[in-house]
Amino acid sequence: MRPPSGPHVAGQMLDAVIRARLHPARMPLAFPSHQGLIAPVWRRWPRHFTVLGCAIGAAVPDVVDGAIGLARGELGQGIGHSLLGLFVLCVPVGMALDAATVAAARAVSRSSRRWSALAASHVIRWSVTDGGETRAPSARLFAGACSVWLGALSHLVFDFVSHGNFLWLHPWYDGAEIFPAWWHARWLEIPFPGYTEPYPVGPHFAVWMVLNVVGAVLFFLP
Ligand SMILES: [Zn+2]
């Protein structure tokens, strides 16, 4: 059987994007909150973890599940938010994104535009640990992999708290009802223009908002 292609796939992808917009709870704020929530790690142990690896790792579960969701025509959390996916998908994908980001930064660093070159030099600096420039390539690779892994693990932890669905053991066990009923209580519902269903506001939403604000503050701390 031939795989679907062309307009069919494009239509599925469009449907997936539209569905995701209609269900805002499925689209967590991946930046800068997730990066901010892992920021204490790279600030506390700059010789062990890279800023870039942690920051990319903190977003990569959504990247993995977003790509899978667009391909299958329905967005949502899945293997990218599991411990299995953490090792077999998130770390390699995160390291590939890390390498691509550094390559792009190196290209931009040769730009004659001062601000572009300055931003690129920061990205390149953030891709190695403190003192990492003199270490063997294997040690630098290991530090990068550990950074992506820890960043992705932090994403799983904070998504579990703020979303309430337990996917860590997916595909063997999906515990959707880990939290008690009060966690999913609806204090009120807010209708959003363009959305089919009003957004439920309750404990889950409050914690989600607090984590977003705390993450954003931690991200922009000096
Ligand atoms: Zn997520």
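Where does isoleucine 79 lie? I went looking, keeping in mind that this is a predicted model. Isoleucine 79 turns up in the loop between helix 4 (60-72) and helix 5 (83-109).

**Entry: isoleucine 79**

Next I asked: is isoleucine 79 buried, exposed or partly exposed? I found 18 other C-beta atoms within 10 Å of isoleucine 79. A buried residue needs 20 or more and an exposed one has 12 or fewer, so isoleucine 79 goes down as partly exposed.

I then pulled its contacts, skipping residues up to four places away in sequence. Isoleucine 79 touches Ile68, Leu84, Gly85, Leu89, His170 and Pro171. I also checked tryptophan 168, which is 89 residues from isoleucine 79 in sequence, yet the C-alpha to C-alpha distance is 8.4 Å.

**Entry: the His-Pro bond**

Two of those contacts, His170 and Pro171, made me look at the peptide bond between them. Histidine 170 and proline 171 are joined by a cis peptide bond, with omega at about 15°. I noted that most peptide bonds are trans. Proline 171 sits in the loop between helix 7 and strand 1 (188-190).

**Entry: helix 4 on helix 5**

How do helix 4 and helix 5 pack? I get an angle of about 100° and axes 9 Å apart. Angles of 65 to 115 degrees count as roughly perpendicular, so that is what I call this pair. On the helix 4 side I listed Val60, Pro61, Val63 and Val64. Helix 5 brings Gly85, Leu89, Cys90, Val93, Gly94 and Leu97. Sorted by class, the contact has eight nonpolar residues, two polar and no charged ones.

I followed valine 60 further. Beyond its neighbours within four places in sequence, valine 60 is in contact with Cys90, Val93, Gly94, Leu97, Val148 and Ala152.

**Entry: the core**

Which residues touch the most other members of the largest nonpolar core? The core has 28 residues, and my hits were Cys54, Val60, Cys90, Val148 and Ala152. Helix 2 (33-44), helix 3 (51-57), helix 4, helix 5 and helix 7 each put in at least two residues. Helix 7 gives the most, with seven.

**Entry: helix 7 on helix 8**

Last, I looked at helix 7 (residues 137-163) against helix 8 (residues 203-220): their axes come within 8 Å and cross at roughly 145°. Helix 7 uses Phe158, Val161 and Ser162 here, and they meet Val207, Trp208 and Leu211 of helix 8. I logged five nonpolar residues, one polar and no charged ones for this contact.

Key: Residues numbered from 1 in each chain as written. Predicted model: local features only at pLDDT ≥ 70, side-chain atom pairs only at ≥ 80, totals over all residues. Axes fitted to C-alpha atoms, helices over the stretch in contact; angles between N-to-C directions. Helix = DSSP H or I, 4+ residues; strand = E, 2+ residues; numbered from the N terminus. Contact = placed C-beta atoms within 7 Å. Nonpolar A, V, L, I, M, F, W, Y, C, P; charged D, E, K, R; others polar. Core = buried A, V, L, I, M, F, W, Y, C linked by C-beta atoms within 7 Å. Parallel < 35°, antiparallel > 145°, perpendicular 65-115°, else oblique.
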